[in-house]
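This report covers one protein chain, beginning with a single glycine and moving out to the whole fold. The sequence and coordinates come next.

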Amino acid sequence: MAEVLVYVDHVDGAVRKPTLELLTLARRIGDPVAVHLGAGADAAAATLAEYGAVKVLTADAPEFADYLVAPKVDALQAAHEAVSPAAVLLPSSTEGKEIAARLALRIGSGIITDAVDLEAGDSGPVATQSVFAASFTTKSRVTKGTPVITVKPNSAAPETAQAAGTVEQLSVTFGEKSTGTKVVSRTPRESTGRPELTEAAIVVSGGRGVNGAENFSIIEELADALGAAVGASRAAVDAGWYPHTHQVGQTGKSVSPQLYIAAGISGAIQHRAGMQTSKTIVAINKDSEAPIFDLVDYGVVGDLFDVVPKLTEEVKTRKG
């Protein structure tokens with residue numbers, strides 16, 4: 001069976017959930033070969049093997065941390081030359097999509113971004129995408145070169161499938177231009193204790209109906225009760241009620257959780273574009289004509305200031 005390269009998203013060897021999803025999807029089209037760049041390969045190898053990686057190609061060099069994405073593209077290009085894979089899979093993060101685009105250009109291949117599913121086809125992997133502000137679902141395949149595909153988080157449930165996970169060193173030569181942009185400082189993101197928005201299984205978002213930054217606490221309380229991430233509509237962000245890093249929508253982040261709860265959000269097309277691929281959508285809005293109700297699986301017509309606190313209490317009660 002052909003091999004499939006999987007770029008490993010990790011923090012010092014702690015493998016992030018989107019990578020486990022990629023390994024699960026990769027097994028549908030071939031034998032996953034994980035590419036781990038930077039420190040922590042020994043810690044990551046066991047996890048990668050548990051989720052199906054037949055090999056783990058590793059490379060550690062200061063260039064991966066000291067410069068922007070170009071050194072990582074050098075490494076993936078080297079892995080591509082070493083393996084001749086059937087496809088290259090990366091997470092649909094900001095970094096993942098930039099690496100994917102640069103790699104596709106270098107190896108002369110087509111690219112598919114923001115896939116939500118992946119299956120084997122007679123002429124190569126077939127990717128499912130949600131396009132045109134999530135108005136249509138398409139199936140696409142790359143017709144030139146090795147398919148380079150980025151996949152949205154939560155597109156597949158990670159499934160274990162123990163494999164050999166043989167660790168091999170990857171020889172990487174960095175191009176002269178790869179060290180042209182140096183990272184001079186980093187500021188750690190302040191931890192809220194909540195899941196990362198784009199990776200969360202549950203997202204609770206507030207919109208214009210929250211009516212002020214001081215009222216977002218009721219959205220946060222429901223999120224904390226559910227173990228969810230907090231999102232916000234563009235209207236709420238533009239009003240200064242919640243940080244832009246939490247904006248869900250066409251000009252914010254795209255999410256695809258198992259459960260998406262929209263409180264006080266009308267359902268403008270730009271917001272729908274960022275959450276329409278959620279598996280189950282619940283809306284709470286006092287306007288029964290709000291466009292969001294055309295999209296949802298469950299709708300509650302009511303004042304969020306009445307509904308959300310009661311829902312929070314019910315969740316806490318059921319959790320004991």
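## A buried glycine

G207 sits in the loop between β12 and α6, where helices (H or I, at least four residues) and strands (E, at least two) are DSSP runs numbered from the N terminus. Its relative accessibility is 0%, so G207 counts as buried; buried means under 20% relative accessible area, exposed over 50%, and partly exposed in between (1.4 Å probe, protein chains only). Leaving out residues up to four places away in sequence, G207 touches S233, A236, W241, A263, G264 and I265, contact being heavy atoms within 4.5 Å. The C-alpha atoms of G207 and A235 are 6.4 Å apart, although the two positions lie 28 residues apart in sequence terms.

## Basis of the values

This is a predicted model: local features need pLDDT of at least 70 and side-chain atom pairs count only at pLDDT 80 or more, while totals for chains, interfaces and linings use all residues. Residues are numbered from 1 along each chain as its sequence is written, and side-chain values use heavy atoms, with hydrogens and water left out.

## Overall fold

The protein contains nine helices and 16 strands. Its radius of gyration, taken over C-alpha atoms, is 21 Å, which agrees with the value near 20 Å for a compact globule of 320 residues; the globule rule is 2.2 Å times the number of residues to the power 0.38. Along the principal axes, the C-alpha atoms fill a box of roughly 60 × 45 × 40 Å. Of the contacts with a separation of 6 or more, 65% are between residues 24 or more positions apart.

## Surface and charge

Buried residues are 51% of the 320. The exposed area is about 14900 Å², with 49% supplied by carbon and sulfur atoms; areas come from the Shrake-Rupley method with a 1.4 Å probe, and for residues only the protein chains shown count as cover.

There are 28 positive and 37 negative side chains, and the centres of the two sets lie 3 Å apart. Lys and Arg count as positive and Asp and Glu as negative, without His and the chain ends; each charge is placed at NZ of Lys, CZ of Arg, CG of Asp or CD of Glu.

## Aromatic pairs

The whole structure holds two aromatic pairs. Rings of Phe, Tyr and Trp (its six-membered ring) pair if their centres lie within 6.5 Å; planes under 30 degrees apart count as stacked, over 60 as edge-to-face and the rest as tilted. F64 and F174 have ring centres 5.5 Å apart and planes at 75 degrees, so this pair is edge-to-face. F64 belongs to helix α3 (residues 63-66) and F174 to the loop between β11 (166-169) and β12 (202-206), so the pair ties together parts 110 residues apart in sequence. F64 is buried at 7% relative accessibility, whereas F174 is partly exposed at 23%.

The F216 and Y242 pair is stacked, at 4.5 Å centre to centre and 20 degrees between the planes. F216 is in helix α6 (residues 216-226) and Y242 in the loop between α7 (234-238) and β14 (259-263), 26 residues apart. F216 is buried at 1% relative accessibility, and Y242 is buried at 10%.

## N-terminal elements

E3 lies in strand β1 (residues 3-7) and is partly exposed at 22% relative accessible area. Beyond its neighbours within four places in sequence, E3 has contacts that include D31, V54, K55 and P85. In helix α1 (residues 17-26), nine of the ten residues are buried, among them E21 and T24.
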